[in-house]
Protein chains: 6
Amino acid sequence: MPISETDPASYVTAARAPEDFDSFWASTLSFDEPLDARFEPVWARAITVHDVTFNGFGGQPVKAWLAVPTGTTTRLPCVVEFPGYGGGRGLPHQCLLYAAAGYAHLFMDVRGQGSGWRAGDTPDANAGDPQHPGFMTRGVLDPSTYYYRRVIADAVRAVQAARVHPLVDPTRVAVTGISQGGGLTLAVAGLVPDLVAAAPDVPFLCDFRRGCDVAPAGPYPELVRYLAIHRDRAERVFDTLAYFDGVHFAARATSPALFSIALMDESCPPSTGYAAYHAYAGPRELSVYPFNGHEGGEATHDAVRLRFLDDAFSR
Amino acid sequence: MPISETDPASYVTAARAPEDFDSFWASTLSFDEPLDARFEPVWARAITVHDVTFNGFGGQPVKAWLAVPTGTTTRLPCVVEFPGYGGGRGLPHQCLLYAAAGYAHLFMDVRGQGSGWRAGDTPDANAGDPQHPGFMTRGVLDPSTYYYRRVIADAVRAVQAARVHPLVDPTRVAVTGISQGGGLTLAVAGLVPDLVAAAPDVPFLCDFRRGCDVAPAGPYPELVRYLAIHRDRAERVFDTLAYFDGVHFAARATSPALFSIALMDESCPPSTGYAAYHAYAGPRELSVYPFNGHEGGEATHDAVRLRFLDDAFSR
Amino acid sequence: MPISETDPASYVTAARAPEDFDSFWASTLSFDEPLDARFEPVWARAITVHDVTFNGFGGQPVKAWLAVPTGTTTRLPCVVEFPGYGGGRGLPHQCLLYAAAGYAHLFMDVRGQGSGWRAGDTPDANAGDPQHPGFMTRGVLDPSTYYYRRVIADAVRAVQAARVHPLVDPTRVAVTGISQGGGLTLAVAGLVPDLVAAAPDVPFLCDFRRGCDVAPAGPYPELVRYLAIHRDRAERVFDTLAYFDGVHFAARATSPALFSIALMDESCPPSTGYAAYHAYAGPRELSVYPFNGHEGGEATHDAVRLRFLDDAFSR
Amino acid sequence: MPISETDPASYVTAARAPEDFDSFWASTLSFDEPLDARFEPVWARAITVHDVTFNGFGGQPVKAWLAVPTGTTTRLPCVVEFPGYGGGRGLPHQCLLYAAAGYAHLFMDVRGQGSGWRAGDTPDANAGDPQHPGFMTRGVLDPSTYYYRRVIADAVRAVQAARVHPLVDPTRVAVTGISQGGGLTLAVAGLVPDLVAAAPDVPFLCDFRRGCDVAPAGPYPELVRYLAIHRDRAERVFDTLAYFDGVHFAARATSPALFSIALMDESCPPSTGYAAYHAYAGPRELSVYPFNGHEGGEATHDAVRLRFLDDAFSR
Amino acid sequence: MPISETDPASYVTAARAPEDFDSFWASTLSFDEPLDARFEPVWARAITVHDVTFNGFGGQPVKAWLAVPTGTTTRLPCVVEFPGYGGGRGLPHQCLLYAAAGYAHLFMDVRGQGSGWRAGDTPDANAGDPQHPGFMTRGVLDPSTYYYRRVIADAVRAVQAARVHPLVDPTRVAVTGISQGGGLTLAVAGLVPDLVAAAPDVPFLCDFRRGCDVAPAGPYPELVRYLAIHRDRAERVFDTLAYFDGVHFAARATSPALFSIALMDESCPPSTGYAAYHAYAGPRELSVYPFNGHEGGEATHDAVRLRFLDDAFSR
Amino acid sequence: MPISETDPASYVTAARAPEDFDSFWASTLSFDEPLDARFEPVWARAITVHDVTFNGFGGQPVKAWLAVPTGTTTRLPCVVEFPGYGGGRGLPHQCLLYAAAGYAHLFMDVRGQGSGWRAGDTPDANAGDPQHPGFMTRGVLDPSTYYYRRVIADAVRAVQAARVHPLVDPTRVAVTGISQGGGLTLAVAGLVPDLVAAAPDVPFLCDFRRGCDVAPAGPYPELVRYLAIHRDRAERVFDTLAYFDGVHFAARATSPALFSIALMDESCPPSTGYAAYHAYAGPRELSVYPFNGHEGGEATHDAVRLRFLDDAFSR
């Protein structure tokens, strides 16, 4: 995507939050069921990984991994991570970075996904409205049935689950994720007030209308293809999506944040990342990768993010 | 796909029906709820199209159109048609061919689909197991939850719905469809004994294992991509799919059939169509289109199929 | 084509009509040969379709279908339609929409085409100058030999042919078509003064120079590839094309028009459609499809266009 | 196209010549008009290139270049060359190789082509039947109107034109060409008895049915796409093509031949080249390029071919 | 690559080792310079990663990482791993799996590479013969100058480097790698006699001629493109490659091996993997992934390989 | 690339030459070794081509061809030409145009290249730092080791080699080349003061940063991909490239120049060509090809360039 966006850093979003945005989420997050987080060690070598189950949206069970350095006896800061679109929590030995770095690491499964590039184990009970293949249009005709309502509620619950584990210091929890994981990071940062840090990378789910206009790849085009068939539903669809826009979550966040944006990103175009970054209400830093596509900063940014988390956890 | 299959006409399938295939379907088709078919005219010009609603699998409402020549006063033979993968019933003025030809025409919506190329209106309530984008892997870990169990039950119900309309002659019903519609045609032909004709075109849902091995395009690769992630589930998945294989339905069909196969078809490779054709237990004819891909015979074959139906309806 | 044109609705064309534009067309349309329209019923069911032959440009025979509801006894309003690039009139049962809607429908074949996606039956006798594959550069070095001179003359004759049929009300004729059919619709609307309506969809043949600059797909690039070889002929080619530009025909039209434009159209970029729309001299309406490519509004717009035609025919 | 043909060298063609093949060509080559070859020097430096015009099929003027080393005073052996599909004679300074090698070189234009990759200047008057874009289906419903009847007649005339130039030794004429030029080389070798050599490279126009079955690129697919629309014309089309098949011309040739075949050729698949090579009735040699696609041997084979021509001319 | 190889498991290679294969490698591995392995901790958290430098081929410095669980005090079994084509050792925190599993892990950099997908730090001094972009043809005209001679010598040295570290048990060293890493694994397994295990995954560098014939993707086509230009060098190139063929190294290996092969692998086609597997002279196991491309078994196979290594290390 | 650059002709480059640009090149061009140009005739027909060897950068032997009309006895003006990226001098009979036009023609090989599309014979001894496949990043971390330092020095030496041949008039030497050859033409024009003309076509190696930003094809993306992995080296890489930028060479040139630019060029985007054209310090002309991609003016421009050279040589 050479220079398809002429000046993404100065892009001004037209996204506006619905008036009842906050009450919608307050209602969504008033869970009736107990969290009931359970942890079972399943991979115990130099790193120990626990199989995690907790009650997410609607009391439905959601899976995760919790990894810690073996032999840990004191409470550790914890990184809660959300996967990219189509992926799941994978296998236990895929969750090593943050535990190897000396932290606890909870990696949440995303309901229904996990058959595209990393396996997942969490079902998504849903109403079954007609949808475009993929997850972007599942239940999209109403905010109350939209797929990401359930996923974001799960993500908030994942932070709660991390905090109840005896090896996790509940006062030092950070959230992170790449792409969809970055969008969920923003959502949680906007909904959970007492995080110590948020690190969204090449975030998805930001300024949906812009994403539909400019993204030639990735999941935004699922919305475009749906609207190319259901030509009379654009207003209704974007009304729904406004409740799930990372830009609006960013405007409600307070924890320090480290963003990353890749200037040749065709899936999450840089302007959409900048829209969220500019809106972010807490302290914020930004790493820009001018020559990368949606892969973003990868291992290079892992190192940057680890330093950012070290700082956040040691404050 | 030039000559990628060296001799599809002589391909011998390895597909075998499960022992309880027939009891599985007998059980599935013992509907608890009444059919409750309702017909409301919504497009009344020289052709009249009715909005149809009937109770499909699980008593869930399924939509369809019923088109007849305006002014019809006697019972007409009826063509029941099923859409291709990703499509729905569309708009009423898209269902004109068979009514223009002088017949009644019921065009069934496919639950959950109808956002890929022609709009649909029928939800698919489902259990929500993780799935690959699309419909091929929805509930695929068990025959009782597999997506196509619900769709095929709906298709049997659609024939029942057609038969109760006062302008339809219930003794003269034929089924047809292209691609997924062809696969559903075979399923209904194998499950409903008293049809006067079946006309599956470039049928999908036939010999799934072969389809996974040879199809470079279309929906078979959804299964491949799912199994590329869930590497340990191949046996379980193909055990499920065996209950839904057009080859096995074909072996149970008795009505006269007209097949079409396109030799350059990359989505429904010709060998898979031949597998069903060779297995077909009733009288059968075949139109081969050597220079076509998955579009198959299109309007040329519409004319062939009309003549075939004329014969079947006048017997 | 995500956002490749930054603001197509405000695009200002640089196209200018040649001074002798009107005399060129007056001369072209002073036919020497009689029209000699013949109609033979070939498909007679609930809709009756006639095989039509009339004398087009140079007195050469041009084919068409004429469809009417069977049993019609009074003169009907008539829709004259022109096919898209590469297509022909197809088979009789492909022309059902407008007859099913209660109108007469004449669908013209396009000379020489009809081997790309819908079969055609009309030859194009031509001078044989070297050309790029396709029809865009056939005879393009001179307006008198350019391919579309013959086609547009045929299209004007098609309206005349429709008007002479005893079931057609000659005072209520409308023209329509998609893509190339939309371009021909504009041409006929600019050349035939007494139409009751014109409905060009995603029109091709508008502002050729702009089309060459921005269209990554479709037939405009045939011109680009020709000029990439014949590097010294650009001026001459665009001088020829100026006699065939839908923008100039639009500026001469008077009948009420319904346009459609698709904002992600890579074959007929939206700016070229807006150029014609802004130039249109008669009353005009516009349907914009923001999430569609060159397929445009499809069945959704068929419904819009039918309502527009209903209004036009009932005025 | 890695190994798409499993063993092309042993491919056995099913192509059979029509009974009246020879009389068809005898009739076609009984020209009524005089040859009337004219030569005008247009580029005179160390090589001199003449603009050539002669009467081809139907007496229509055909262009060519004739290049000789400047200062030549004695009759030279002459190489007559035909261009590849879509190309023309180009500009005079593009015809240097054989003159630089010390021979006369006549490079024929191909009527109607010359807008795809090298410019051409020769019109093709034709009957104008509907055709697929390109030249493969122009007039293909009858041998007498098929495009290549005119082109092959032109090619025979081009040899006659070369022979009448005062600097050409008419007893030492060879023919050559790449791709379409190779197909025309075979045609001329089969129709003109007294050539001293023929050098067809990666020849096109050989075993059309096989080409349609296996070629994923190049012009054979034009036939496939035409037959994909005109589904009922396959027999008629292949009956026509049988009069133009390089395999049948090869079986009538007597001059020594050097073939080249590229094993990864997707446009002129190796089996089609082998079909012609095996059929060739004169002495024959073959250069196989196992790692090349349709570009074949290029400059490497130019050197091989020059040595072959040196031998042929010095016999 | 659906079923492009009809029966890869029964493919019989034609590859033959040169007579002086063993003396060539004996000579290559008689290093003049001391190994001089240096280890410097650079990432010390729950896992400690050392920056490693040792003298590889020609005494040139080669980089690696050595990772161990922090706090290790006894000698550990060690996994020596080689990267895939185009990759390097990356950053220290990318080498976590085997240390997290409780082993030492040496990950070798590949000279000159490490700019394609994971960064590398090791230069490749070379003679500079013309080459195709990439590494496959660097110095390919002679075994003594071929790029992989240097890389394989480095890989043998990497095992030696691992063995001298005080936390590594030199009697329990295994080798592994994916793709190019799998090819190097086979080379080391054939050249180093006392390894406890070898685990080549989807191995590259096996049966080069077959790879050139059937691989549509990956680095084998670099050879094809080189030979497409240097048409007269095929024999010389394949004579060189015979000294580096994993099939011949496999025939000399004795340690227990776990192979993996993916049946839809377009870069390292399954037949080439089977060629090496069938030739392998030691005890061998095989995991086949029927629905995967070149990604192979990924995390699923990581678990299989870990169990295989656990067994090997505990014998 | 339809209109991807909105107004390339008015693009203003941000490229700035390093302060020591001139001293860097003065030092590079102070050759220690004698030129030692040797000429051996290898193809002697109407054109005679000599195999040329001279000492290039570091005294390393560089190959070329020198072609002249056979029988030449007086000193001729000479065209020195440099090949495009990936190509070499090829075979002797590929160098005919300028000799056929009556001039001497030296065609230089490019070290290390010549395996991509035209064969080369000149090695490139180099230090071997890790690099991206291709030549753009070879030694790119320092101007003294960068690949193009050696190539540009070779190109200056090629002019010297041409001048010492007894059939070349050393006072009438012009330089030319397409793409990379155009970039080298600019470099030589900026470094050699007494040329009579320079003709860079669609020049590469101009304004590297812009090329990285906008070129979707060709070799600029090699730099992008390298920097996508080595994310921390962008400043260092562009610091190196500043010593090799055609824009800076253009600003130092004095000979009359003919540029060509193609407006749809995706490999050498028009803005980069305009950057060099606007910077050019000598008299300059420009041919713009609005409908061509990177192929540019081809034979059409050959004729333009020949006229330009005729003028230059006859002044």
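**Entry 1: symmetry of chains B and A**

I began by superposing chain B on chain A in this predicted model, and the operation that does so is a rotation of 180° with 0.1 Å of shift along its axis, leaving an RMSD of 0.0 Å. I noted this as the relation of a two-fold axis. Looking next for the residue of chain B that comes closest to the rotation axis, I arrived at P133(B), whose C-alpha is at 2.4 Å.

**Entry 2: what the B and A contact consists of**

I then looked up who takes part in the contact, and found 30 residues from chain B together with 30 residues from chain A. Because 100% of the interface residues of chain B are also interface residues in chain A, I wrote down that the copies meet through the same surface. The area buried between chain B and chain A came out at about 1900 Å², with carbon and sulfur atoms giving 55% of that area. On the side of chain B that touches chain A, I read off 10 nonpolar, 13 polar and seven charged residues.

With charged residues on that side, I wanted to know how many salt bridges cross the interface of chain B and chain A. The rule finds zero. Polar contact does occur there, in four residue pairs across the interface of chain B and chain A, both residues being at pLDDT 80 or more.

**Entry 3: chains F and E**

I repeated the look-up for chain F and chain E, where a rotation of 180° with 0.0 Å of shift along its axis superposes the one on the other, at an RMSD of 0.0 Å. In chain F the C-alpha nearest the axis belongs to P133(F), which lies 2.4 Å from it. The contact joins 30 residues of chain F to 30 residues of chain E, and since 100% of the interface residues of chain F are also interface residues in chain E, these copies meet through the same surface.

For the area buried between chain F and chain E I recorded about 1900 Å², of which 55% is given by carbon and sulfur atoms. The side of chain F that touches chain E has, by class, 10 nonpolar, 13 polar and seven charged residues. Between chain F and chain E the count of salt bridges is zero, while four residue pairs, both at pLDDT 80 or more, are in polar contact across the interface.

**Entry 4: chains that do not touch**

I also checked some other pairings. Chain C and chain E do not touch, and their nearest C-alpha atoms are 27 Å apart. Likewise no contact joins chain B and chain F, whose closest C-alpha atoms lie 27 Å apart.

**Entry 5: salt bridges**

How many salt bridges does the structure hold over all chains? The total is 96. I picked out one of them in chain C, between D51(C) and R89(C), where the closest N and O atoms are 2.5 Å apart. This pair links distant parts of the chain, with D51(C) in strand β2 (residues 47-55) and R89(C) in the loop between β4 (76-82) and α2 (97-100), 38 residues apart.

**Entry 6: the annotated site in chain A**

Finally, I consulted the UniProt record, an unreviewed entry, which places the feature "active site" at S179(A), D265(A) and H294(A). These positions are spread over 116 residues of sequence, yet they cluster in space, the largest C-alpha distance being 10.6 Å. I located S179(A) in the loop between β6 (168-178) and α4 (180-191) of chain A.

Key: Residues are numbered from 1 along each chain as its sequence is written. Chains are lettered from A and ligands numbered from 1 in the order in which they are written. This is a predicted model: local features need pLDDT of at least 70, side-chain atom pairs count only at pLDDT 80 or more; totals for chains, interfaces and linings use all residues. Side-chain values use heavy atoms; hydrogens and water are left out. Contact means heavy atoms within 4.5 Å. Buried area is the accessible area (1.4 Å probe) that two parts lose on being put together, summed over both. A salt bridge is a side-chain nitrogen of Lys or Arg within 4 Å of a carboxyl oxygen of Asp or Glu. A polar contact is a pair of N or O atoms within 3.5 Å; within protein, one must be able to donate a hydrogen and the other to accept it, and residues adjacent in sequence count only if both atoms are side-chain atoms. Ala, Val, Leu, Ile, Met, Phe, Trp, Tyr, Cys and Pro count as nonpolar, Asp, Glu, Lys and Arg as charged, and the others, Gly among them, as polar. Copies are superposed by least squares on the C-alpha atoms of residues with pLDDT of at least 70 in both. UniProt positions are given in the numbering used here, feature names are shortened, and annotations may be inferred rather than shown by experiment. Helices (H or I, at least four residues) and strands (E, at least two) are DSSP runs, numbered from the N terminus.
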